[in-house]
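Here are some short exercises for you to try with the structure open beside you. Have a go at each task, then compare your steps with the worked solution.

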Amino acid sequence: MLRIAVPNKGSLSEPAVQLLKEAGYQQRRDPRELVLVDERNNVEFFFLRPRDVAVYVGAGTVHAGITGRDLLIDSGADAVEHLELGFGGSTFRYAAEPGVASSIADVDGKRVATSYPRLVEQHLASHGVTATVVRLDGAVESSVRLGVADVVADVVSTGTTLRAAGLEIFGEPILGSEAILIRAQDAPVEDIAILTGRLRGVLTARKFVLVDYDVPADKLDEAIAVSPGFEAPTVTPLHGSDWHAVRVMIPRKEMNHIMDALYAVGARAILTTELLAVRV
């Protein structure tokens with residue numbers, strides 16, 4: 001039975017559960033449940049603290065798990081990043097009071113407060129910078145004002161919280177993170193392949209919609225040029241007509257622009273359909 005770790009709380013938890021549901025896996029109804037056995041899919045789910053997921057996967061206690069790239073690196077666990085999941089995006093940056101630092105070199109000899117000490121230590125070492133890393137469990141932006149640190153290293157989305165604390169971002173990003181599927185070194189290959197295929201299918205379905213339209217034969221090439229699709233469109237001649245029916249997967253974010261272009265070349269009866277899952 002494949003054992004999978006899922007974040008039990010935090011920003012990754014709900015999207016991870018939803019992804020697994022769309023992939024056909026049973027998920028818990030009671031948030032107090034720590035273990036759930038999905039007998040139909042021969043999978044056992046363990047709901048763990050987000051920071052612990054990589055540790056359990058790296059130890060081989062569970063075969064796979066969903067966590068953030070930042071948490072995987074900071075854990076130091078012997079787990080393998082297997083698949084990007086397209087949610088939970090974040091950027092890890094340095095920040096300090098104005099005039100304190102403008103590049104990673106300026107961090108040398110200073111105190112850096114962070115909730116991700118191993119990640120920051122690795123980044124500093126890779127740039128030949130020596131600094132004192134101060135581990136905090138949260139609210140690192142207050143550490144400078146309280147005299148605990150000179151610089152902070154933290155996840156940044158808009159930067160509003162840092163600016164409110166009188167800090168400004170400097171230097172290149174430490175890391176671009178997002179939710180990922182990780183696996184143990186000795187995870188069962190066939191079971192992981194099934195899980196990966198299902199998740200990839202859901203992720204593809206979220207990015208694409210299915211479009212059906214009819215187009216005159218003399219406009220077919222022009223219509224296909226504006227809607228080339230995920231791979232290639234399916235084209236079927238209509239009986240007793242010089243028209244063709246076309247079915248194609250197009251990027252969801254470009255859907256309206258493509259439909260406008262199809263109407264412009266003479267396509268008709270355009271229908272879009274949501275994709276539930278796509279095996280790729």
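**Exercise 1. Charges over rings**

Task: In this predicted model, find the ring that the charged end of Arg 28 sits over, and do the same for Arg 51.

Solution:
- Step 1. Start at Arg 28, and you will find its charged end over the ring of Phe 47, 4.1 Å from the ring centre.
- Step 2. Move on to Arg 51, where the charged end sits over the ring of Tyr 116 at 4.6 Å from the centre.
- Step 3. Check the distances against the cut-off: a charge has to be within 6 Å of the ring centre. The values of 4.1 Å for Arg 28 and 4.6 Å for Arg 51 fit that limit.

**Exercise 2. Aromatic pairs**

Task: How many aromatic pairs are there, and how are the rings of Phe 92 and Tyr 116 arranged?

Solution:
- Step 1. The count comes to four aromatic pairs.
- Step 2. For Phe 92 and Tyr 116, the centres are 5.0 Å apart and the planes make an angle of 80°. Planes over 60 degrees apart count as edge-to-face, so this pair is edge-to-face.
- Step 3. Now place the two residues. Phe 92 belongs to strand E6 (residues 90-96), while Tyr 116 is in the loop between strand E7 (111-114) and helix H4 (117-126), so the pair ties together parts 24 residues apart in sequence.
- Step 4. Finish with exposure: Phe 92 and Tyr 116 are both buried.

Task: Is the pair of Tyr 94 and Phe 170 stacked or edge-to-face?

Solution:
- Step 1. The centres of these two rings lie 6.0 Å apart, with 20° between the planes.
- Step 2. Planes under 30 degrees apart count as stacked, so Tyr 94 and Phe 170 are stacked.
- Step 3. Tyr 94 is in strand E6 and Phe 170 in strand E10 (residues 168-177), so this pair ties together parts that are 76 residues apart in sequence.
- Step 4. Tyr 94 and Phe 170 are buried as well.

**Exercise 3. Two pockets**

Task: Describe the largest pocket by its volume, its lining and the classes of its residues.

Solution:
- Step 1. The volume is about 610 Å³.
- Step 2. The lining is made of 27 residues, and those nearest the centre are Ser 11, Arg 51, Asp 70, Leu 71 and Tyr 116. You met Arg 51 and Tyr 116 in the first exercise.
- Step 3. Helix H2 (50-59), helix H3 (69-75) and strand E9 (151-156) each give at least two residues to this lining.
- Step 4. By class, there are nine nonpolar, nine polar and nine charged residues.

Task: Do the same for the second largest pocket.

Solution:
- Step 1. Its volume is about 160 Å³.
- Step 2. Residues of its lining include Arg 49, Arg 51, Asp 52, Leu 71 and Arg 135.
- Step 3. H2, H3 and H4 are the elements that give two or more residues to this lining.
- Step 4. Sorted by class, the lining has three nonpolar, one polar and six charged residues.

**Exercise 4. Positive phi**

Task: Where do Ala 139 and Ala 269 lie, and are they buried or exposed?

Solution:
- Step 1. Ala 139 has a phi near 50°, which is positive in a residue other than glycine. Ala 269 has a positive phi too, near 55°.
- Step 2. Ala 139 is in the loop between strand E8 (132-135) and E9, whereas Ala 269 is in strand E15 (residues 268-274).
- Step 3. The cut-off for exposed is over 50% relative accessible area. Ala 139 counts as exposed because its relative accessibility is 51%, and Ala 269 because its value is 55%.

**Exercise 5. Salt bridges**

Task: How many salt bridges are there, and which parts of the chain does the one between Arg 111 and Asp 150 link?

Solution:
- Step 1. The count comes to 10 salt bridges.
- Step 2. In the bridge between Arg 111 and Asp 150, the closest N and O atoms are 3.0 Å apart.
- Step 3. Arg 111 is in strand E7 and Asp 150 in the loop between E8 and E9, so distant parts of the chain, 39 residues apart, are linked.
- Step 4. Arg 111 is partly exposed at 30% relative accessibility, and Asp 150 is partly exposed at 25%.

Task: Which residues join Arg 69 in a network of salt bridges?

Solution: The network links Arg 69 with Glu 81 and Glu 84.

Technical notes
Residues are numbered from 1 along each chain as its sequence is written. This is a predicted model: local features need pLDDT of at least 70, side-chain atom pairs count only at pLDDT 80 or more; totals for chains, interfaces and linings use all residues. Side-chain values use heavy atoms; hydrogens and water are left out. Rings of Phe, Tyr and Trp (its six-membered ring) pair if their centres lie within 6.5 Å; planes under 30 degrees apart count as stacked, over 60 as edge-to-face and the rest as tilted. Helices (H or I, at least four residues) and strands (E, at least two) are DSSP runs, numbered from the N terminus. Buried means under 20% relative accessible area, exposed over 50%, partly exposed in between (1.4 Å probe, protein chains only). A charge sits over a ring if NZ of Lys or CZ of Arg is within 6 Å of the ring centre and within 35 degrees of the ring normal. On a 1 Å grid over the protein atoms alone, a cavity is a set of points where a 1.4 Å probe fits but cannot get out, and a pocket is an open set with protein on both sides within 12 Å along at least five of seven lines; lining residues have an atom within 4 Å of a point. Grid points are joined across faces, edges and corners, and a volume is the space filled by probe spheres set on the points. Ala, Val, Leu, Ile, Met, Phe, Trp, Tyr, Cys and Pro count as nonpolar, Asp, Glu, Lys and Arg as charged, and the others, Gly among them, as polar. A salt bridge is a side-chain nitrogen of Lys or Arg within 4 Å of a carboxyl oxygen of Asp or Glu.
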